[in-house]
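Okay, thanks for coming, everyone. Let me put the structure up, and then I'll walk you through how it is put together.

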Amino acid sequence: MTLASDRASLPSEFVLEEITTGVHASGFGELGDGRSFSFHVEHHTLVIEVYRPRLAGPVPQAEDVVATARRSVLDIDLTDERSLAAAVRDGVSEAAPVPR
C-alpha cells in the first residue's frame, strides 16, 4: 500500500491517495474538480467508480456513483504501481455516465 505524500493538486489533476497492488488491487483518489473515485479488481476486471462531488459521508453510497468503467486486467501488470495507476487514470477519463 502506498499513500500519497503530497496532496497539493492542480484543478485538472488526478491524485491517487491510496493504491494497493497485486491480484486484489484496490485504491481511491480525487480528481481536480472535487469528485472522488475508487477502484478494485473483481473477477479479472478492473472496476472503477467515480463519485459526485461533496459527498455527505466518508463512505459513498450507490446513489453517489456518477460514472463507471470496467476493463480486463489481462494487459495490466497488477504488481507494478505505475502500470496500475496508468490504467486507473485512463479508466477514470473513459468512464461512462451512470443512467438515472
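So, one term before anything else: two strands count as paired here if DSSP finds at least two bridges between them. Keep in mind, too, that this is a predicted model.

With that term in hand, let's look at strand 5 and strand 6. They run antiparallel, and seven bridges join them. If you want a register marker, take Val-47, whose bridge partner in strand 6 is Arg-70. Strand 6 also pairs with strand 7, residues 96-97, again antiparallel, through two bridges. There the marker is Ala-67, with Pro-97 in strand 7 as its bridge partner.

Now the other pairings. Strand 2 and strand 3 are antiparallel, with six bridges between them, and Leu-16 sits opposite Gly-29 of strand 3. These two strands make a hairpin with five residues in between, and Gly-22 in that turn has a positive phi of about 110°. Then strand 3 goes on to pair with strand 4, antiparallel as well, over five bridges. Glu-30 is across from Ser-36 in strand 4. That hairpin has four residues between its strands, and here Gly-34 is the residue with a positive phi, near 100°.

Let's stay on strand 3 for a second. Which of its side chains are buried, and which are not? In a regular strand, side chains alternate between the two faces of the sheet. Strand 3, residues 26-31, does alternate: Gly-27, Gly-29 and Leu-31 point to one face and are buried. Ser-26, Phe-28 and Glu-30 point to the other face and are not buried.

On to the core. As a general matter, nonpolar side chains in soluble globular proteins tend to be buried together. In this model the largest nonpolar core has 21 residues, and those with the most contacts inside it are Phe-37, Phe-39, Leu-46 and Leu-84. Who contributes? Strand 2 (14-20), strand 4 (36-41), strand 5 (45-51), strand 6 (65-72) and helix 1 (81-94) each give two or more residues. The largest share, five residues, comes from helix 1.

Have a look at Leu-84 on your screens. Setting aside neighbours within four places in sequence, Leu-84 is in contact with Ile-19, Thr-20, Thr-21, Ala-25, Phe-39, Leu-46, Ile-76, Asp-77 and Leu-78. Phe-39 and Leu-46 in that list are also among the residues with the most contacts inside the core.

Phe-37 brings me to the aromatics. How many aromatic pairs does the structure hold? Just one. A pair like this is described by the distance of the centres and the angle of the planes. For Phe-14 and Phe-37 that comes out at 5.1 Å centre to centre with 10° between the planes, and the pair is stacked. Phe-14 is in strand 2 and Phe-37 in strand 4, 23 residues apart, so the pair links distant parts of the chain. The two rings' residues differ in burial class: Phe-37 counts as buried because its relative accessible area is 1%, while Phe-14, at 21%, is partly exposed.Next, salt bridges; the count comes to five, and I'll show you three of them. Asp-64 and Arg-52 meet through their side chains at 2.9 Å, N to O. Asp-64 and Arg-52 are 12 residues apart, in the loop between strand 5 and strand 6. Is Asp-64 buried or exposed? Asp-64 is buried, because its relative accessible area is 6% and the cut-off for buried is under 20%. Its partner Arg-52 is partly exposed at 30%.

The second one is Asp-75 with Arg-71, at 3.3 Å, N to O. Here the acid is the exposed one, with Asp-75 at 58% relative accessible area, and Arg-71 is partly exposed at 28%. Third, Asp-80 forms a salt bridge with Arg-82, and the closest N and O atoms are 4.0 Å apart. Asp-80 is partly exposed at 25%, whereas Arg-82 is exposed at 70%.

Last stop is Thr-45, in strand 5. Thr-45 counts as buried at 19% relative accessibility. Again leaving out neighbours within four places in sequence, Thr-45 is in contact with His-40, Arg-70, Arg-71 and Val-73. You've met two of those already: Arg-70 is the bridge partner of Val-47, and Arg-71 is in the salt bridge with Asp-75.

That's my tour; let's go to the discussion.

Key:
Residues numbered from 1 in each chain as written. Predicted model: local features only at pLDDT ≥ 70, side-chain atom pairs only at ≥ 80, totals over all residues. Heavy atoms only, no water. Core = buried A, V, L, I, M, F, W, Y, C linked by side-chain atoms within 4.5 Å. Buried < 20%, exposed > 50% of the residue type's maximum accessible area, 1.4 Å probe, protein only. Contact = heavy atoms within 4.5 Å. Phe/Tyr/Trp six-rings, centres within 6.5 Å; stacked < 30°, edge-to-face > 60°.
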